[in-house]
Amino acid sequence: MATTKLVMKLVFILLIIFTFTVSPAISTAPESCDSRSDNPCIDKAKALPLKIIAIVAIFTTSLIGVMAPLFSRYISFLRPDGNGFMIVKCFSSGIILGTGFMHVLPHAFEILSSECLSDDPWHKFPFAGFVAMLSGLVTLAIDSVTTSLYTVKNVVGPVPVEYGIDHEKAIHNHSHGHGLVLGTTKDDGPSDPQLLRYRIIAMVLELGILFHSVVIGLSLGASNDACTIKGLIIALCFHHLFEGMGLGGCILQADFTNVKKFLMAFLFAGTTPCGIFLGLALSSIYRDNSPTALITIGLLNACSAGMLIYMALVDLLATEFMGSMLQGSIKLQIKCFAAALLGCTVMSVVAKWG
């Protein structure tokens, strides 16, 4: 899909800019970071079976979480046009928001404040917040540009005169879900402007989650701290279960073909396990406290946090709460707000262990 390729190109450009920006600032770590740890929990033999368990457990719980919403169409309470589904979507959006604020962004601040990084510039400037801010703005640009290109690509005729709306306004109103007919469309794309929005939201959201998942898997796979891995397995299983529910809800409303739905689901479920495998392969040469590793992981986490926070607040929660369905019912608004708050609370509680 052309939109997916464009998103990937823009993200890679962003990462290249980050790399060239920070490379001159990478300096030698303090001597204390170069020495081997005396931690008794460091045991490669004990850590290996725990990592295998983590791969299976995280993949299974991730798959359950992301697949559950895809089968919600068969549950009458969760039909896509019902109040129940709207409440579940707001709960899922709260999970995404909680992931960005309570897991990813604090982790980025923690890593980029490490004593293993030189004082100048890493301790004198809030790089995590700065990169998260830029990431949010870049996500906005990606969201806007891809929506415009995708809409123009699929619209080949003017808006019918009987609608009384000019063509330009019709295109710019797509994000509010008014269901405007944009005219004749090509056969290879959806004609509903709201469906275009849902598909772009699902793809950009998955991209942000995948960044974070790779970092989690790489760190876990490279670590030989058996004590830490034991606690992380449980925390990450819950984390990926709920995060998968949030992503699955977005994939469902995007109404992709079944093949694309399952491909996106398996991509989400398999990214952290693949990261763990990569960490295992690099464990002999990878040091999680080296300046290069800390800077790379910290910036990726900050980038992911900005994307997740933007998507949760702007494309998910704000879109639903300002839509006609919730604006027509104060009672439903209260229920959805409580659901979003519950989602944030769940991820806040999980953050205590992970």
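# A helical protein, residue by residue

Q: How does Asp 255 count in terms of exposure, given its 39% relative accessibility?
A: In this predicted model, Asp 255 has a relative accessibility of 39%. Buried would require under 20% and exposed over 50%, with partly exposed in between. Because 39% falls in the range between those two cut-offs, Asp 255 counts as partly exposed.

Q: Where is Asp 255 found, and what is its phi, given that it is not a glycine?
A: Asp 255 is found in the loop between H9 and H10. Although Asp 255 is not a glycine, its phi is positive, with a value of about 55 degrees.

Q: How many helices and how many strands make up the secondary structure of the protein?
A: Read along the sequence, the protein follows the pattern α-α-α-α-α-α-α-α-α-α-α-α-α. The secondary structure accordingly comes to 13 helices and zero strands.

Q: What share of the 354 residues in the protein is buried?
A: A residue counts as buried when its relative accessible area is under 20%. Of the 354 residues in the protein, those that are buried make up 51%.

Q: What share of the contacts with a separation of 6 or more comes from residues 24 or more positions apart?
A: The contacts considered here join residues of the protein with a separation of 6 or more. Among these contacts, residues 24 or more positions apart account for 82%.

Q: How far apart are the end C-alpha atoms of helix H13, and what should its 22 residues span?
A: Helix H13 runs over residues 330-351, and its 22 residues should span 32 Å at 1.5 Å a residue. The expected span is 1.5 Å times one less than the number of residues. The end C-alpha atoms agree with this, as they are apart by 31 Å.

Q: Within what arc do the buried residues of H13 fall when they are seen down its axis?
A: The buried residues of H13 include Leu 332, Gln 333, Cys 336, Ala 339, Gly 343 and Met 347. Seen down the axis of H13, its buried residues line one face of the helix, because they fall within an arc of 150 degrees.

Q: Which residues are exposed on the other side of H13, and which helices help to cover its buried residues?
A: On the other side of H13, the exposed residues are Ile 330, Lys 331, Ile 334 and Phe 337. What covers the buried residues of H13 includes helices H4, H9, H11 and H12.

Q: How many of the 30 residues of H8 are buried?
A: Helix H8 covers residues 193-222, and its end C-alpha atoms are 44 Å apart, which agrees with the span expected at 1.5 Å a residue. H8 is largely enclosed by the rest of the structure, because the number of its 30 residues that are buried is 28.

Q: Which helix supplies the largest share of the largest nonpolar core?
A: The largest nonpolar core has 78 residues, and those with the most contacts inside it are Val 66 and Leu 205. Helices that each supply at least two residues of this core include H3, H4, H8 and H13. The largest share, 18 residues, comes from H11.

Q: Which residues does Val 66 contact, leaving aside its neighbours within four places in sequence?
A: Val 66 is one of the residues with the most contacts inside the largest nonpolar core. Leaving aside its neighbours within four places in sequence, Val 66 is in contact with Gly 244, Met 245, Leu 247, Gly 248, Ile 251, Ala 265 and Phe 268.

Q: Which residues does Ser 92 touch, not counting those up to four places away in sequence?
A: Ser 92 is found in helix H4. Its relative accessible area is 5%, and because this is under 20%, Ser 92 is buried. Not counting residues up to four places away in sequence, Ser 92 touches Met 245 and Gly 246.

Q: What is the omega of the cis peptide bond that joins Asp 120 and Pro 121?
A: Pro 121 lies in helix H5, which covers residues 119-122. A cis peptide bond joins Asp 120 to Pro 121, and its omega is about 15 degrees.

Q: How much of the span of residues 84-105 is helix?
A: The unreviewed UniProt entry lists residues 84-105 among those given as "transmembrane region". In the model, the end C-alpha atoms of residues 84-105 lie 31 Å apart. The span is 0% strand, and its share of helix is 100%.

Conventions: Residues numbered from 1 in each chain as written. Predicted model: local features only at pLDDT ≥ 70, side-chain atom pairs only at ≥ 80, totals over all residues. Heavy atoms only, no water. Helix = DSSP H or I, 4+ residues; strand = E, 2+ residues; numbered from the N terminus. Buried < 20%, exposed > 50% of the residue type's maximum accessible area, 1.4 Å probe, protein only. Arc of directions from axis to C-beta. Contact = heavy atoms within 4.5 Å. Core = buried A, V, L, I, M, F, W, Y, C linked by side-chain atoms within 4.5 Å. UniProt positions renumbered as here; feature names shortened; annotations may be inferred.
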